[in-house]
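Please open the structure in your viewer and display the side chains as sticks. This tour proceeds from one selection to the next.

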Amino acid sequence: MNSALQHLRVVDYADLIHDKYYIQGTFHRTLMATIHDHDFYEINYVLEGGCKHLINNIPVDMTEGDATILRPGDTHGFLSQLPHTNLLSLSICIEEMERFLHAYGDSVTSQICARSQPPIFHLTAHQQNDYRTDFEQILILNQNQRRTRVKIMLDKMLQFYMLYLERPLASNNANAHLLDALTQFNMPEHIREGVPALLRLTNFSHAQLCRVMKSSLGVTPQQYVVSLRLNLALELLQVSDLSLESIISQVGYSSLSHFNMIFTQRFGLTPSEARRKIRVKTI
């Protein structure tokens, strides 16, 4: 790792100058090892994979679903990363971040700004799914639409952090068991199978699964499965040349018309339109 400290500034990024926000993804590329700081805020969120993150000279292991909110002046760099790591980075000008923090009040602001280390927290399975969807949608939006969605993503991450602060220190056994099962469920073959796979992995009755997921995540099992299936379909549209019929089959659907309807309701575009409009931005 290069020991020379680099200073990254708002003026280095045209999007930060113009829009006050800049969002990017690594898409499995090598993370920046050089130790650096910023004169803006930066949210780092691990979409997939994991990394060893050196923050203010303290090594931190970050895995899928982990997020940190770096403040101006915090130093950081990446010591190592797992294969296929995808890191989302959201940069925010100071005045914009302060406007949001003012709305969230002194308690959240002090947790973020008044400590020696920036906050590091973990999103729930449902929050991870929600945030991944937001980022995937950004890739197919025009510049004006993207600007609005980025603000929504900042607001959501602050909401997730506030909920994290309010989360009990230990989940009950049913919730902990559910989270373990959802981690196992997040595989294409299980997503394709759907609710029966969830029932098998949790060993819950259907009624118990509905009750625990509704209380823990605010969604039914079927809603959760549909959301993951659509996210997987969008990802396959982005990164593969598979036919639409093949993608539909891989994510657990047999009806093209039904899939087109729910996909369009979710993303505001037909699958064919989404594939044509994919624009991948990388660091």
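The stops below concern salt bridges in a predicted model.

As a starting point, note that the model holds 10 salt bridges. Side chains of opposite charge can pair when their charged atoms come close.

Select Arg71 and Asp74 first. A salt bridge joins Arg71 to Asp74, with 2.5 Å between the closest N and O atoms. Are these two residues buried or exposed? Both Arg71 and Asp74 are buried.

Next, select Lys156 and Asp130. Their side chains form a salt bridge with an N to O distance of 3.0 Å. Colouring by secondary structure is useful here, as the pair links distant parts of the chain: Lys156 belongs to helix H4 (residues 143-166) and Asp130 to helix H3 (residues 125-138), 26 residues apart. Lys156 counts as buried because its relative accessibility is 19%, and buried means under 20%. Asp130, by contrast, has a relative accessibility of 25% and therefore counts as partly exposed.

Now move to Glu193 and Arg200. The closest N and O atoms of the salt bridge between Glu193 and Arg200 lie 2.7 Å apart. Glu193 has a relative accessible area of 34%, so this residue is partly exposed. Arg200 is likewise partly exposed, at 46% relative accessibility.

For the last stop, return to Lys156 and Asp130 and add Asp134 and Arg149 to the selection. Which residues do salt bridges with shared partners join into one network? The network consists of Asp130, Asp134, Arg149 and Lys156.

Notes:
Residues are numbered from 1 along each chain as its sequence is written. This is a predicted model: local features need pLDDT of at least 70, side-chain atom pairs count only at pLDDT 80 or more; totals for chains, interfaces and linings use all residues. Side-chain values use heavy atoms; hydrogens and water are left out. A salt bridge is a side-chain nitrogen of Lys or Arg within 4 Å of a carboxyl oxygen of Asp or Glu. Buried means under 20% relative accessible area, exposed over 50%, partly exposed in between (1.4 Å probe, protein chains only). Helices (H or I, at least four residues) and strands (E, at least two) are DSSP runs, numbered from the N terminus.
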